Amino acid sequence: MSELDDREPRLRVVTPRLTDEERRTAIYDGELLVYTDIEPMHRLCRLTDELVRTILGVADPVRFQSELPPEQIATRLTALRREYRKNTDVKRLLIEALAHIGVDLAYTYWDRLNARVVMHDIASKLGVHRDTWGSNVYAQMNWWAPIYPITPDRGLAIYPAYWARPLANDSADWDLHQIRAKRRSGAEIALVPLPTDEISDQAEVRVAIEPGDLLCFSGAHLHCGVPNRTGLARFSIDARTVDVRDFVTGRGAANVDGAAPRIAQEWFRRISGDAPLPSAAGTFPVET
């Protein structure tokens with residue numbers, strides 16, 4: 001790979017607040033936006049901490065690997081993830097956080113809210129990837145936030161140098177329905193499409209924001225969780241949103257190397273209800 005380009009997308013702390021249109025434009029141009037000290041996010045972190053301590057049954061969540069018997073870890077983490085996805089207070093607080101920073105909820109669709117736990121010295125099931133290799137939805141925006149204080153060694157890695165640079169990958173042969181069916185049969189298959197070429201170490205930017213902050217970036221950015229060798233677990237949350245106006249008009253980030261065989265619009269449901277993401281303009285309701 002050639003030397004990195006000074007024009008690559010950079011991390012930007014949002015101040016003053018952007019309009020919804022300005023944020024979407026910035027994200028589709030590859031910017032990495034950090035919203036700081038969001039009051040609903042602070043409440044979400046406190047609620048998540050309560051759920052973690054209750055479900056895992058530990059006094060110090062980031063050191064839970066040393067507190068729990070190894071045979072109990074997988075079961076309790078599964079219980080935590082399931083509770084998180086169905087907890088209405090969790091969903092309400094994230095919606096409040098999005099509204100707080102100016103997201104127009106009337107046009108917003110999302111997929112499920114995830115609680116992620118990256119344990120010490122346990123390889124992540126998600127390698128380096130672009131979400132769009134799987135979804136084919138180029139209006140997709142990713143939202144990510146830590147629950148407890150972290151360092152760059154327990155953060156998120158993004159590769160801005162590849163924003164406009166094609167990277168060989170196996171997305172052409174990837175379909176989530178087939179992947180899930182194969183995994184149910186016991187096959188060990190990657191959960192996301194992966195690169196088939198090497199990635200430059202120089203390209204990695206490690207993001208470590210504070211609890212109460214929220215990172216927004218395009219689903220077309222190459223990214224992954226940083227391999228954790230710190231001795232402490234990382235607890236974070238993430239979700240993906242799509243603005244329906246942009247989706248139905250084809251607005252979004254550029255597709256530089258994706259080749260997925262279909263558009264996975266069924267992953268996304270209306271944030272204020274449960275209507276599926278439509279494929280044509282004039283087919284979605286707008287709140288007044």
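A residue counts as buried when its relative accessible area is under 20%. In this predicted model, Y35 is buried because its relative accessible area is 4%, and W143 counts as buried because its relative accessibility is 3%.

**Aromatic pairs**

A pair of aromatic rings is described by the distance of the centres and the angle of the planes. The count of such pairs in this structure comes to three, and two of them are set out in the table below.

| Pair | Centre to centre | Angle between planes | Arrangement |
|---|---|---|---|
| Y35 and W143 | 6.4 Å | 35° | tilted |
| Y148 and F235 | 5.5 Å | 90° | edge-to-face |

The pair of Y35 and W143 is called tilted because its planes stand at 35°, whereas stacked would require planes under 30 degrees apart and edge-to-face planes over 60. This pair links distant parts of the chain, since Y35 belongs to strand β2 (residues 32-35) and W143 to strand β5 (residues 140-146), 108 residues apart.

The pair of Y148 and F235 also links distant parts of the chain, with Y148 in the loop between β5 and β6 (156-158) and F235 in strand β10, 87 residues apart. Both Y148 and F235 are buried, and together with F64 they form one aromatic cluster.

A charged side chain also meets a ring in this model: R245 lies over the face of Y107, at 3.7 Å from the ring centre.

**The two sides of helix α4**

Which residues of helix α4 (residues 70-86) are buried? They include I73, L77, L80 and Y84, and these four lie on the same side of α4 because they cover an arc of only 60° around the axis. An α-helix has 3.6 residues a turn, so residues three or four places apart point the same way. The face of α4 turned away from this buried side carries the exposed residues E71, A74, T75, R82 and K86.

**Cavities**

A search of the whole structure finds five cavities of 30 Å³ or more, and the largest cavity holds about 60 Å³ of space. Its lining is made up of D20, R23, R24, V103, T108, A139, M141, T241, V242 and D243, with α1 (20-28) and β10 (234-243) as the elements that give two or more residues to it. By character, the residues lining the largest cavity divide into four nonpolar, two polar and four charged. Strand β10 therefore appears in two of the settings described here, as it contains F235 of the edge-to-face pair and gives residues to the lining of the largest cavity.

Methods. Residues are numbered from 1 along each chain as its sequence is written. This is a predicted model: local features need pLDDT of at least 70, side-chain atom pairs count only at pLDDT 80 or more; totals for chains, interfaces and linings use all residues. Side-chain values use heavy atoms; hydrogens and water are left out. On a 1 Å grid over the protein atoms alone, a cavity is a set of points where a 1.4 Å probe fits but cannot get out, and a pocket is an open set with protein on both sides within 12 Å along at least five of seven lines; lining residues have an atom within 4 Å of a point. Grid points are joined across faces, edges and corners, and a volume is the space filled by probe spheres set on the points. Ala, Val, Leu, Ile, Met, Phe, Trp, Tyr, Cys and Pro count as nonpolar, Asp, Glu, Lys and Arg as charged, and the others, Gly among them, as polar. Rings of Phe, Tyr and Trp (its six-membered ring) pair if their centres lie within 6.5 Å; planes under 30 degrees apart count as stacked, over 60 as edge-to-face and the rest as tilted. Buried means under 20% relative accessible area, exposed over 50%, partly exposed in between (1.4 Å probe, protein chains only). A charge sits over a ring if NZ of Lys or CZ of Arg is within 6 Å of the ring centre and within 35 degrees of the ring normal. The arc is that of the directions from the helix axis to the C-beta atoms.
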